Amino acid sequence: MGKITTKIRTVPNMILIGSTARNSGKTTLAVAIIEKYKNWIPVYGIKVTTIAEKHAKCIHGGEGCGVCTNFDNDFDITEELGNTNNKDTSVLLAGGAKKVYWLKTLASEISAGIEAVLEKIPPDALIICESNSLRKVVEPGVFVMVKNTADNQIKKTAAEVIAQADIVYENYFQDNFDEVIDQISHCIHLKKTESERF
């Protein structure tokens with residue numbers, strides 16, 4: 001039997017942000033990008049949580065959010081409605097994203113899951129997405145890997161895709177993103193009519 005290959009979905013209007021460790025600042029970077037573009041183009045946010053199997057142990061070490069233990073479907077999509085909390089999705093919405101979706105998906109169903117999310121987003125929007133694993137099935141306009149300078153460990157999901165990063169950004173937590181946002185602007189491959197606005 002031949003090897004099964006995953007078809008890569010090209011999403012040129014997506015800025016995909018991964019990170020080498022937790023608390024790396026990828027959401028802070030995402031909000032800075034939203035701030036730059038929200039007055040020029042509709043910006044939508046996506047957060048992807050990949051789960052190995054249904055009712056699995058928490059991927060974050062049992063912090064009790066219930067995502068893994070209460071997971072019954074192949075994937076689940078939740079729209080952030082602006083609850084006042086510090087969830088990444090809430091932060092993206094508060095930062096100016098038009099809508100934000102949280103995709104919780106079995107690793108084996110990530111392609112189907114992201115297709116279902118993309119159906120909810122207008123084709124002329126800019127998409128800011130937080131995920132490492134999504135790079136295995138999506139080729140975005142630009143893939144930024146945020147390297148946590150305070151944590152030398154690299155998550156397995158980051159190690160698997162860091163070689164595909166267009167930009168590896170070493171975050172020294174000074175919240176100065178001008179240079180990396182300029183790099184992103186030069187890398188992203190949007191359609192000509194959209195890129196003229198950037």
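In this predicted model, T49 has K104 of strand β4 as its bridge partner. Strand β2, residues 43-51, and strand β4, residues 99-106, run parallel and are joined by eight bridges. A second parallel pair is formed by strand β6, residues 138-148, and β7, with five bridges between them, and in β7 the bridge partner of N148 is N171. Strands of a sheet pair through backbone hydrogen bonds, in either a parallel or an antiparallel manner.

The two parallel pairs are set out below.

| Strand pair | Direction | Bridges |
|---|---|---|
| β2 (residues 43-51) and β4 (residues 99-106) | parallel | eight |
| β6 (residues 138-148) and β7 | parallel | five |

These strands belong to an open sheet of seven strands, ordered β3-β4-β2-β5-β1-β6-β7, in which the pairing is mixed. Its edge strands are β3 (75-79) and β7, each of which pairs on one side only, and the twist from one strand to the next averages 20°.

The edge strand β7, residues 167-171, presents a covered face with I167, Y169 and N171, while V168 and E170 lie on the uncovered face. In a regular strand the side chains alternate between the two faces of the sheet.

Two residues of that covered face, I167 and Y169, are touched by V180, which also touches L29 and V144 when residues up to four places away in sequence are not counted. V180 is found in helix α5, residues 178-187, and counts as buried because its relative accessible area is 1%, the cut-off being under 20%. Although V180 and V144 are 36 residues apart along the chain, their C-alpha atoms are separated by 9.0 Å.

Note on methods
Residues are numbered from 1 along each chain as its sequence is written. This is a predicted model: local features need pLDDT of at least 70, side-chain atom pairs count only at pLDDT 80 or more; totals for chains, interfaces and linings use all residues. Side-chain values use heavy atoms; hydrogens and water are left out. Helices (H or I, at least four residues) and strands (E, at least two) are DSSP runs, numbered from the N terminus. Buried means under 20% relative accessible area, exposed over 50%, partly exposed in between (1.4 Å probe, protein chains only). Contact means heavy atoms within 4.5 Å. Two strands pair if DSSP finds at least two bridges between them. Axes are lines fitted to C-alpha atoms, for helices over the stretch in contact, and angles run from 0 to 180 degrees between N-to-C directions.
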